[in-house]
Amino acid sequence: MPGTPGYAFDNTSEHAGGRFDALETCYDPVTFARLADLGVAAGTRCLEVGAGGGSVAGWLADRVGPSGSVLATDLEPRWMDGLPERPNLRVVRHDISKEDLPEGGFDLVHARLVLLHVPERLAALDRLVRALRPGGRLVLDEFDCGWISVLAAPTPEAAALFERTHDAVMTVVSRAGADIHWGLRTYGALRAAGLTDVASVTYAESWTGGSPGTQLHQVNIRQLAERLLGEGLTPDRLERCLRLLDDPAFAVSSYPLITTWGTRP
Ligand SMILES: C[S@@+](CC[C@H](N)C(=O)[O-])C[C@H]1O[C@@H](n2cnc3c(N)ncnc32)[C@H](O)[C@@H]1O
């Protein structure tokens with residue numbers, strides 16, 4: 001149900017597909033390079049949690065080959081219905097905030113932009129850790145949504161309009177239980193969960209108006225439009241902000257993708 005605590009951008013919305021397209025274009029190359037660097041290879045048994053449109057799950061399945069396997073989960077997995085059939089890829093509906101996972105059998109557990117949205121994220125993290133075999137690795141890709149700055153705008157008013165709208169988006173997702181700074185807390189959380197060799201790396205870039213990155217902002221604003229009106233914005237201001245996000249004179253820093261990983265002893 002839209003607005004249910006736990007996930008502000010529920011996948012039953014028509015807007016979810018646009019969100020996955022934007023995330024995949026902006027961040028798949030970063031995620032794939034990192035997972036390859038961290039040793040995902042033929043034979044790796046993988047768990048991909050909150051898999052969304054399934055691009056990472058599909059890439060993992062191709063990479064680990066017939067001797068490996070991928071279990072892809074999501075609270076609402078309908079956007080993975082169109083994935084090409086692969087014998088080593090299984091998709092299941094699963095709520096990481098409430099439901100247990102098979103324990104001790106995965107070499108890799110990965111989730112991108114999922115625990116940020118899960119109010120019970122520490123309990124969910126514990127499940128992810130227990131799903132690993134000893135020596136297996138957890139990799140989390142998360143945002144720090146506080147680190148986002150307007151880099152260029154046609155007018156100072158336009159910059160202020162984006163900032164005001166983005167603040168309202170953050171208020172709405174926080175009300176639903178998101179921790180918008182979770183990306184920065186992930187490192188400490190992985191250590192506290194008992195993982196060893198914890199490390200992290202951050203990726204950020206500029207997003208120009210009309211690019212896949214600013215389309216991510218547009219899709220988020222469109223999906224939350226009704227709730228943004230409840231935060232004091234008007235339909236006219238939302239419309240102007242959506243147009244600004246198409247304007248090449250506008251640029252904003254991307255959400256920084258903070259990738260943090262650790263090993264189960
Ligand atoms: C921002 S999207 C990211 C999708 C994908 N990981 C990606 O990066 O392209 C968050 C995904 O997490 C899923 N999700 C949210 N809460 C969840 C939960 N409690 N259990 C499982 N999946 C969840 C959503 O349904 C959505 O598909």
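Buried residues account for 55% of the 265 residues in the protein chain of this model, which is a predicted one. The chain's secondary structure amounts to eight helices and ten strands. Its radius of gyration is 18 Å, close to the 18 Å that the globule rule gives for 265 residues, so the chain is as compact as a globular protein of that length.

**Overall dimensions and contacts**

- The C-alpha trace of the protein chain spans about 55 × 35 × 30 Å along its principal axes.
- Of the contacts between residues at least 6 apart in sequence, 78% join residues at least 24 apart.

**Surface and charge**

- About 11300 Å² of the protein chain is exposed, and 53% of this area is supplied by carbon and sulfur atoms.
- The chain has 25 positive and 34 negative charges. The mean positions of these two sets lie 4 Å apart.

**Helix α5**

- Helix α5 takes in residues 182–192, and its buried residues are W182, G183, T186, A189 and L190.
- These residues are on the same side of α5, because the arc they cover around the axis is only 95 degrees.
- On the face turned away from that buried side, α5 carries the exposed residues L184, R191 and A192.
- The cover over the buried residues of α5 includes two elements that directly follow one another in numbering, α3 (121–131) and β5 (132–143). The strands β7 (196–203) and β10 (257–263) are also part of this cover.
- Just after α5 comes G194, with a positive phi of about 95 degrees.

**Residue Y203**

- Y203 is located in strand β7, one of the elements that cover the buried residues of α5.
- With a relative accessible area of 29%, Y203 is partly exposed, because this value falls between the 20% limit for buried and the 50% limit for exposed residues.
- Neighbours within four places in sequence aside, Y203 is in contact with C26, Y27 and V30, and also with Y255, P256 and L257.
- One of these contacts, L257, belongs to β10 (257–263), which also helps to cover the buried residues of α5.
- R112 is 91 residues away from Y203 along the chain, and the C-alpha atoms of the two are separated by 13 Å.

Note on methods: Residues numbered from 1 in each chain as written. Predicted model: local features only at pLDDT ≥ 70, side-chain atom pairs only at ≥ 80, totals over all residues. Heavy atoms only, no water. Helix = DSSP H or I, 4+ residues; strand = E, 2+ residues; numbered from the N terminus. Rg over C-alpha atoms; globule rule 2.2 N^0.38 Å. Buried < 20%, exposed > 50% of the residue type's maximum accessible area, 1.4 Å probe, protein only. Contact = heavy atoms within 4.5 Å. Areas by Shrake-Rupley, 256 points an atom, 1.4 Å probe, with all protein chains shown as cover. Lys, Arg positive; Asp, Glu negative; His and termini not counted. Charge placed at Lys NZ, Arg CZ, Asp CG, Glu CD. Arc of directions from axis to C-beta.
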